Structures are given as structure tokens and as C-alpha cells.
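Q: Could you show me how to read the features of a model like this, beginning with the backbone and moving on to the surface?

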Amino acid sequence: MENVIIIAVVIIIVGLASLYIYKAKKSGQKCIGCPYSKSCSSGKCNCGNNKNQ
């Protein structure tokens with residue numbers, strides 16, 4: 001019974017992560033998780049980690 005609960009929790013976590021990625025890609029984010037991804041115009045998001053700053 002414990003194995004079934006663990007498997008169900010893992011499936012729920014993977015499903016929610018997949019849903020998050022799907023929604024982020026559908027909304028136009030280039031790199032998911034980057035706070036600057038919607039304002040990145042070049043398509044290569046470096047997430048504000050410019051060495052020249």
C-alpha cells in the first residue's frame with residue numbers, strides 16, 4: 001500500500017511539472033524559470049547574468 005501512495009505522489013508531481021511547462025511555453029516564455037524570459041527578444045535568454053554589468 002505504501003508503494004502505491006509513493007507512486008501516486010510521484011505521478012502527481014510529474015504531472016504538475018508538465019502542466020507548468022506546457023502553460024509557460026504556451027504563454028511564449030523562451031526559457032522557463034527565468035524572470036526575464038518574457039522580455040528577452042533574442043530568443044537566447046541569459047537570465048540577466050551579463051558579465052558586463
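A: Begin with the backbone, where Gly28, just after helix 1, takes a positive phi of about 100°. This is a predicted model, in which local features need pLDDT of at least 70 and side-chain atom pairs count only at pLDDT 80 or more, while totals for chains, interfaces and linings use all residues. Residues are numbered from 1 along each chain as its sequence is written, and side-chain values use heavy atoms, with hydrogens and water left out.

Q: How many helices and strands does the chain have?
A: Helices (H or I, at least four residues) and strands (E, at least two) are DSSP runs numbered from the N terminus; here the chain has one helix and zero strands.

Q: What span does helix 1 reach from its first C-alpha to its last?
A: The expected span is 1.5 Å times one less than the number of residues. Helix 1, residues 2-26, has 25 residues and reaches 36 Å, close to the 36 Å expected.

Q: Is Ile13 buried or exposed?
A: Buried means under 20% relative accessible area, exposed over 50%, and partly exposed in between, with a 1.4 Å probe and protein chains only. Ile13, which lies in helix 1, is exposed at 52%, whereas Ile21, also in helix 1, is partly exposed at 42%. Of the 53 residues of the chain, 11% count as buried.

Q: What separates the C-alpha atoms of Ile21 and Cys31?
A: These atoms belong to residues ten apart along the chain, and they are separated by 9.9 Å.
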